[in-house]
Amino acid sequence: MVELCDALAAAHRRGVIHRDLKPENLFLSKVDSPAPDELDVTMKVLDFGLSKLLDGVEITGSGRLLGSPSYMSPEQARGDSHLVDARSDIFAVGALLYECLTGEKMFNAEKLEQKRQAIMAARLPPLRFAERGLPMVDKIIARACSQKPEDRYQSAAAIQGALEEAEKVLAGKA
């Protein structure tokens with residue numbers, strides 16, 4: 001997830017919002033000759049086909065429901081593309097983190113309208129990571145997936161910092 005946040009930070013610095021983050025758009029690639037302190041895999045973010053420029057220019061159109069329902073932010077679920085900004089991608093990072101850790105989609109309703117309603121209300125499933133000694137994970141997911149964009153992490157770098165801090169705590173280095 002840290003690599004995803006780093007890639008998003010780079011896109012956001014260039015004024016691009018992805019708007020369709022999902023497992024199918026994240027690709028793990030083998031690194032041929034990693035440095036001693038590097039992993040031998042790296043993550044690449046694919047398919048910027050639904051992306052939006054932060055200057056308000058729509059690359060793919062507006063007024064439509066754009067994105068993959070399980071990972072879209074409340075503003076995307078409402079079809080409010082003019083409100084979509086980098087914090088919509090942050091919402092998707094939270095949903096992806098939840099799915100990576102549980103093996104289940106955060107918004108699991110079978111019907112699209114039920115899923116949209118749950119997302120718009122930001123009705124998160126119970127986050128039980130604190131019960132497993134991981135309270136910081138509950139906090140990261142809950143904040144990333146807040147209903148209001150102003151309550152989310154305000155940048156990919158901010159959630160990346162929270163994830164890195166959680167890694168340090170888990171590794172006993174904090």
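## Getting started

Helices here are DSSP runs of at least four residues, numbered from the N terminus. With that in hand, names like H6 should be easy to follow. One more thing to know up front: what you're looking at is a predicted model.

The protein chain has six helices and four strands. Walk along the sequence and you meet them in the pattern α-β-β-β-β-α-α-α-α-α. Of the 174 residues in the protein chain, 44% are buried. If you take the contacts between residues at least 6 apart in sequence, 60% of them join residues at least 24 apart.

## The largest pocket

Let's start with the largest pocket, which has a volume of about 420 Å³. Its lining draws two or more residues from each of these elements: helix H1 (2-13), strand E3 (41-45), H3, H5 and helix H6 (156-170). H6 gives the largest share of that lining, with four residues.

In total, 17 residues line the largest pocket. To find its centre, look for Met-1, Val-2, Leu-97, Leu-163 and Glu-167, the lining residues that lie nearest to it. What classes of residue make up the lining? There are 15 nonpolar residues and two charged ones, with no polar residues.

## The nonpolar core

Next up is the largest nonpolar core, a set of 38 residues. Leu-4, Leu-21, Ile-140 and Ile-159 are the ones that touch the most other members. H1, E3, H3, H4, H5 and H6 each give two or more residues to this core, and the largest share, eight residues, comes from H3.

Leu-4 is a handy place to zoom in. Leaving aside residues up to four places away in sequence, Leu-4 touches Leu-21, Leu-26, Met-43, Val-45, Val-93 and Leu-96.

## A closer look at H3

H3 has turned up in both places, as a contributor to the pocket lining and to the core. How far does H3 reach from its first C-alpha to its last? With 17 residues, H3 covers 25 Å, close to the 24 Å expected at 1.5 Å a residue.

Is H3 largely enclosed, or largely open? Since 14 of its 17 residues are buried, H3 is largely enclosed by the rest of the structure. Just after H3 comes Gly-103, which takes a positive phi of about 80 degrees.

## Spots in the loops

Carry on past Gly-103 and you reach Asn-108, in the loop between helix H3 (86-102) and helix H4 (112-120). Why does Asn-108 count as exposed? Because its relative accessible area is 51%, and the cut-off for exposed is over 50%. Asn-108 and Pro-125 are 17 residues apart along the chain, and their C-alpha atoms are separated by 9.2 Å.

Two other loop residues have a positive phi although neither is a glycine. One is Arg-19, with a phi of about 70 degrees, found in the loop between strand E1 (16-17) and strand E2 (26-30). Is Arg-19 buried or exposed? Arg-19 is buried, as its relative accessible area is 4%.

The other is Ala-122, where phi is about 50 degrees. You'll find Ala-122 in the loop between H4 and helix H5 (135-144). Its relative accessible area is 17%, and the limit for buried is under 20%, so Ala-122 counts as buried.

Notes
Residues are numbered from 1 along each chain as its sequence is written. This is a predicted model: local features need pLDDT of at least 70, side-chain atom pairs count only at pLDDT 80 or more; totals for chains, interfaces and linings use all residues. Side-chain values use heavy atoms; hydrogens and water are left out. Buried means under 20% relative accessible area, exposed over 50%, partly exposed in between (1.4 Å probe, protein chains only). The expected span of a helix is 1.5 Å times one less than its number of residues. On a 1 Å grid over the protein atoms alone, a cavity is a set of points where a 1.4 Å probe fits but cannot get out, and a pocket is an open set with protein on both sides within 12 Å along at least five of seven lines; lining residues have an atom within 4 Å of a point. Grid points are joined across faces, edges and corners, and a volume is the space filled by probe spheres set on the points. Ala, Val, Leu, Ile, Met, Phe, Trp, Tyr, Cys and Pro count as nonpolar, Asp, Glu, Lys and Arg as charged, and the others, Gly among them, as polar. A nonpolar core is a set of buried Ala, Val, Leu, Ile, Met, Phe, Trp, Tyr and Cys residues joined through side-chain atoms within 4.5 Å. Contact means heavy atoms within 4.5 Å.
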